[in-house]
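The following exercises concern a ligand and the pockets of a protein. Each task is followed by a solution in steps.

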Amino acid sequence: MIIVMKVGAPSKEIDAVSQFIRDAGLTPHPMIGVERTVFGVIGDIDKSFEERVQTFESVDIVQRVSKPYKLASRQVATNDSVVYVDGVPVGGEHFTVIAGPCSVETEEQIISTAKAVKKSGAKLLRGGAYKPRTGPYAFHGLGEDGLKLLALAKKETGLPIVAEVKTPALVELACQYIDAIQIGARNMQNYDLLIEAGKSGKPVILKRGLWATYEEWLLAAEYILSQNNPNVILCERGIRTFETYTRNTFDIAAVSVIHELSHLPIITDPSHAVGKWKFVEPMSMASVAAGANGLMIEVHPNPDKAFSDGNQSLTFENFDKLMNNIKPLLQVMKKSL
Ligand code: PEP
Ligand code: MN
């Protein structure tokens with residue numbers, strides 16, 4: 001259920017409604033907007049609660065949410081949510097580019113990449129320290145040493161850090177170094193991980209599973225939101241279809257559909273979606289035109305030598321070109337870098 005408070009409702013009234021929800025054995029999830037506060041209420045809600053909460057002077061609208069996902073639903077917020085990653089906004093009118101290598105490899109590699117992507121306009125640095133790989137003999141990342149290198153890159157450049165966390169047990173450790181937790185496509189329905197990431201309170205970039213419908217994806221987001229962590233960013237990274245020419249099939253429609261179904265920001269990851277560097281720029285342009293809130297792009301100083309995902313990684317030069325080429329489109333879309 002959502003409870004929409006009247007514009008300018010005094011904080012005393014808002015607190016009273018919050019307490020009323022709690023006294024009924026339910027959990028209030030307040031969303032504080034510029035004009036008004038909206039409560040998402042999760043739990044077994046009976047008719048008498050619904051009737052009684054309407055009697056509060058400052059309550060404007062009380063509405064049941066028909067979708068199986070509640071807090072992720074567009075019904076709970078008319079405005080698009082903006083998630084702040086160590087002060088960097090993602091969502092709304094902002095267009096945020098996250099860039100960096102697939103894997104953190106060496107100090108020189110991550111620092112040089114951080115400097116290059118920052119210069120080109122990226123606002124967040126990505127890099128994998130714990131890599132989910134299809135085969136057990138591939139490079140699986142530097143682990144905590146990789147996180148330390150990411151923290152060093154932040155110290156050098158000021159760019160906040162995004163990195164994947166693969167297991168619930170690693171959430172606490174990773175959060176000492178990073179600013180946003182990435183949940184990988186393969187882990188989209190790892191419910192224990194979603195809950196732990198939710199509890200951390202950190203922003204979470206939730207990638208779409210290779211097999212996942214929009215509803216399953218939003219229900220995964222709901223796990224994080226239900227831990228009182230409103231900081232969820234969705235990331236479309238391609239799905240598995242019969243086509244094998246590209247690594248995955250980039251579902252560009254996801255951008256529009258998610259904007260219709262949810263208030264959460266949605267970014268795209270054309271690198272993993274297509275798997276070939278040549279198509280990363282055109283699919284980035286398509287993402288801007290579709291209304292995405294940002295991009296996640298893999299960039300490497302020497303893609304031919306990358307420990308993982310070299311085929312889809314952009315050189316510094318090609319990343320710079322991409323950033324320049326999206327600018328006129330961003331203007332059309334009334335978004336700013
Ligand atoms: C990655 O971002 O490097 C990654 C492994 O992504 P995905 O989970 O989308 O495959
Ligand atoms: Mn990768």
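For the residue classes used below, Ala, Val, Leu, Ile, Met, Phe, Trp, Tyr, Cys and Pro count as nonpolar, Asp, Glu, Lys and Arg as charged, and the others, Gly among them, as polar. The model is predicted.

**Exercise 1.** Determine which residue classes make up the lining of the largest pocket, and which element gives the most to it.

*Solution.* Begin with the volume of the largest pocket, which is about 800 Å³. Next, consider its lining of 29 residues, of which Met31, Ile32, Gly33, Ala77 and Ser81 are the closest to the centre. Sorted by class, the lining has 15 nonpolar, 11 polar and 3 charged residues. Finally, turn to the elements: β1 (2–5), β2 (27–32) and β4 (59–63) each give two or more residues to this lining. The most comes from β2, with 4 residues.

**Exercise 2.** Locate ligand 1 and describe the residues around it.

*Solution.* First, identify the site: ligand 1 sits in the second largest pocket. Then examine its shell, which includes Cys102, Arg126, Lys131, Gln182 and His272. By class, this shell has 2 nonpolar, 3 polar and 7 charged residues.

**Exercise 3.** Find how far polar side-chain atoms of Arg186, Lys207 and Glu298 lie from oxygen atoms of ligand 1, and state how much of the ligand the protein covers.

*Solution.* For Arg186, the distance is 2.9 Å. For Lys207, a side-chain N or O atom is 2.9 Å from a ligand oxygen. For Glu298, the distance is 3.3 Å. As the last step, take the accessible area of ligand 1 on its own, 300 Å², of which the protein covers 98%.

Note on methods:
Residues numbered from 1 in each chain as written. Chains lettered and ligands numbered in written order. Predicted model: local features only at pLDDT ≥ 70, side-chain atom pairs only at ≥ 80, totals over all residues. Heavy atoms only, no water. Near = heavy atom within 4 Å. Polar contact = N/O pair within 3.5 Å; in protein donor to acceptor, adjacent residues only side chain to side chain. Areas by Shrake-Rupley, 256 points an atom, 1.4 Å probe, with all protein chains shown as cover. 1 Å grid on protein atoms, 1.4 Å probe; cavity = no way out; pocket = protein on both sides within 12 Å on 5 of 7 lines; lining within 4 Å. Sits in = over half its atoms within 2 Å of the grid points. Points joined across faces, edges and corners; volume = space filled by probe spheres on them.
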